[in-house]
Amino acid sequence: MQGWTGKILRINLTKKKIVTQEFDANFAQTWLGGRGFAAKILWDELKPGTNALSPENKLIFSTGPLTGASLPSSGKLLVAVKSPLTGGYGDGSIGTWACVMMRKAGYDALVFDGRSQEPTIVKVEDDKTEFLDGKDYWNLGTFETEKSLKKQYGSVTGVVAIGQAGENMVKYANVVSQEGRGGGRPGIGAVMGSKNLKAVAIKGTKELPAADMTELKKLGLEGYRTVLAEPNYKFWKRQGTMSTIEWSQENSVLPTCNYKEGVFDGADAIGGFAMEKLKVSQRGCPQCNMTCGNVITDTDNEPAELDYENVTLLGANIGLDDLKKIAHLNRLCDNYGVDTISLGNVIGFIMEASEKKLVDYPIEWGDFEKAKVLTEDIVYRKGNMGTMLAEGVRHASEKIGKDSQKWAMHVKGLEITAYDCHTTPAMALAYGTAASGAHHKDAWVIGWEVKYGRESYDEAKVDKIIELQRIRGGMFEGLTTCRLPWVEVGFKLDWYPKFMKAMTGINITLEDMYTVADRIYALIRAFWVREFGNKWNRNMDMVPARWFTEPLTKGAFKGTKLDQTGYENMLQLYYKKRGWDQRGIPTKSTLATLGLQDVAQQLSQHVQLNP
Ligand code: SF4
């Protein structure tokens, strides 16, 4: 087999046992890599109902056949677990040298299970894997942990670490690499912490297993040159995702004060042009020539990386209009290893609860000092408030009650990313049907929807969501490479079959990859349904009541809210097109068409399946 290393490294932290497992070409082509491998492993190996923070949960670092090669933006790692935040499938993707090194060490995936007695660090160097004492690293932030490991093992070492949030099992703790490349919002850091695994350090020296390395290098060079020549490239390099702040403000979709509104009075102060005046440098993921991490100095004069999501959630959504203060909160999050999107939701939620006098905890919109204190309280689970909010928005709203569930902004327990959907039904449905809960990475349909016409609830929107889920949530998450060259500078999709041919020697068309994407979606859906059994119902795919019941009070779309019947009709159509039944469960024949007969058989032991 070429393209894939064909090896998964199995690391049991309880027994300190290491096994190399081999897989064949059939497995590789059926699941592609990244998200496909992770979903398959979790489905096959996790007993239904496993406590996500128990030793039995699996922590998966997974790559795809293009990961790590000299190809545009190919330095991404998929991290996945059964999520302690949602109880379902959870993953995230981060740009890190660790994935390049992992492939060079000869592995497509690392799978951790068990729990170490003491804090530990796993070091992988080509064929040698060691367990190192991690006690001296416990209670360190991710920055210092990585710096210290690199000092000991060399600057080319790829490091993925948790901070104090992961150690304390904050349910939306993530994993961090390279001082700002974080991912794994559904609590991947919490699972890593529950295993007493502080960090993973990886070094590899082998050649990637390319079928035709000469052709791959040639295509890679052409690809990089094409990215550089795209007309949008220059502006992208100036602002990266930060220009989306202006776009969202202009289109009334910028989450403001816990998604009450879609416009923010302080938007100009936190947008891309404001950022450009403060920018001191740029960072990015490996193998990328369109790096998008904009660095400014924060209130302590320390460097911090900004992007659209973290600035919106820690800015507009909590009423804060000062980029240096936002940068400081962001830097705290990256160092503590807590996700900025979920934290921005949690802080926005409690600010609203405080405003409504539902909690005895005074904190006003835009209160930077209190937001800092609250962040630390959450990370260390201090006091009743820190402890409650460390569990996420869904849990906090269940605790507080008093109708706060209506404005607890999550889907399936995963807090919503940075698009307000009062006026955008397709984007709402994209959140409702994303693989791990409310995330835009599977189908960022809002850009298309705003041009197409946001008022309709029609079939074209459902088709577009499925098309994007296939490309973004299936193909890119499987390959595992960054989707942004395609999304942001117009790098054409037909490059990817060419890359695949040079890497694997096989003709794999876009259509082939979309079929794999459908298989991955059906399996992930089966995983959710198996976990929830008879408690599963279509309400799991609903978005927060706020968007249906409370119209916007500001901006060009003042008075607008989502139509619930329209949303439900689109959801029904989505199920039909996916071959899922009225409850959103894949039918037996859909699973069989995708080659998942065994999944149908197992799933029918948990819920009644329709033919
Ligand atoms: S475009 Fe941005 S997110 Fe994508 S690989 Fe490059 S730096 Fe990373």
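Two pockets, a helix crossing and a hairpin

The second largest pocket of this predicted model has a volume of about 450 Å³. Its lining is made up of 19 residues, and those closest to the centre of the pocket are Gln405, His410, Asn539, Met542 and Val543. Three elements each give at least two residues to this lining: helix H17, which covers residues 393-400, strand S16 at 410-411, and helix H24 at 546-549. H17 supplies the largest share, with 3 residues. Sorted by class, the lining of the second largest pocket holds 8 nonpolar, 7 polar and 4 charged residues.

The largest pocket comes next, with a volume of about 580 Å³. It is lined by 20 residues, of which Trp444, Gly447, Lys451, Val487 and Glu488 are the closest to its centre. The elements that contribute two or more residues to this lining are helices: H8 (233-239), H9 (244-250), H19 (446-452), H20 (459-479) and H21 (484-489). Which of them gives the largest share of the lining? That is H20, with 4 residues. The class count for the largest pocket is 9 nonpolar, 6 polar and 5 charged residues.

H20 also leads to another part of the model, its crossing with helix H25. Two packed helices are described by the angle between their axes and the distance between the axes. For H20 and H25, the latter spanning residues 564-578, the axes come within 9 Å and cross at roughly 50°. Angles from 65 to 115 degrees count as roughly perpendicular and those under 35 as roughly parallel, so H20 is oblique to H25. The crossing of these two helices is right-handed. H20 thus appears twice in this account: as the source of the largest share of the lining of the largest pocket, and as a partner of H25 in the crossing.

The last stop is a pair of strands. Strand S14 runs over residues 293-297 and strand S15 over residues 303-306, and the two pair in the antiparallel sense over 4 bridges. Within this pairing, Val295 stands opposite Glu305 of S15. In a regular strand the side chains alternate between the two faces of the sheet. How are S14 and S15 connected, and how many residues lie between them? They form a hairpin, with 5 residues between the strands. One residue in the turn, Asn301, has a positive phi of about 65°.

How values were computed: Residues numbered from 1 in each chain as written. Predicted model: local features only at pLDDT ≥ 70, side-chain atom pairs only at ≥ 80, totals over all residues. Heavy atoms only, no water. Pairing = 2+ DSSP bridges. 1 Å grid on protein atoms, 1.4 Å probe; cavity = no way out; pocket = protein on both sides within 12 Å on 5 of 7 lines; lining within 4 Å. Points joined across faces, edges and corners; volume = space filled by probe spheres on them. Nonpolar A, V, L, I, M, F, W, Y, C, P; charged D, E, K, R; others polar. Axes fitted to C-alpha atoms, helices over the stretch in contact; angles between N-to-C directions. Parallel < 35°, antiparallel > 145°, perpendicular 65-115°, else oblique. Left-handed = near helix turned anticlockwise from the far one by under 90°.
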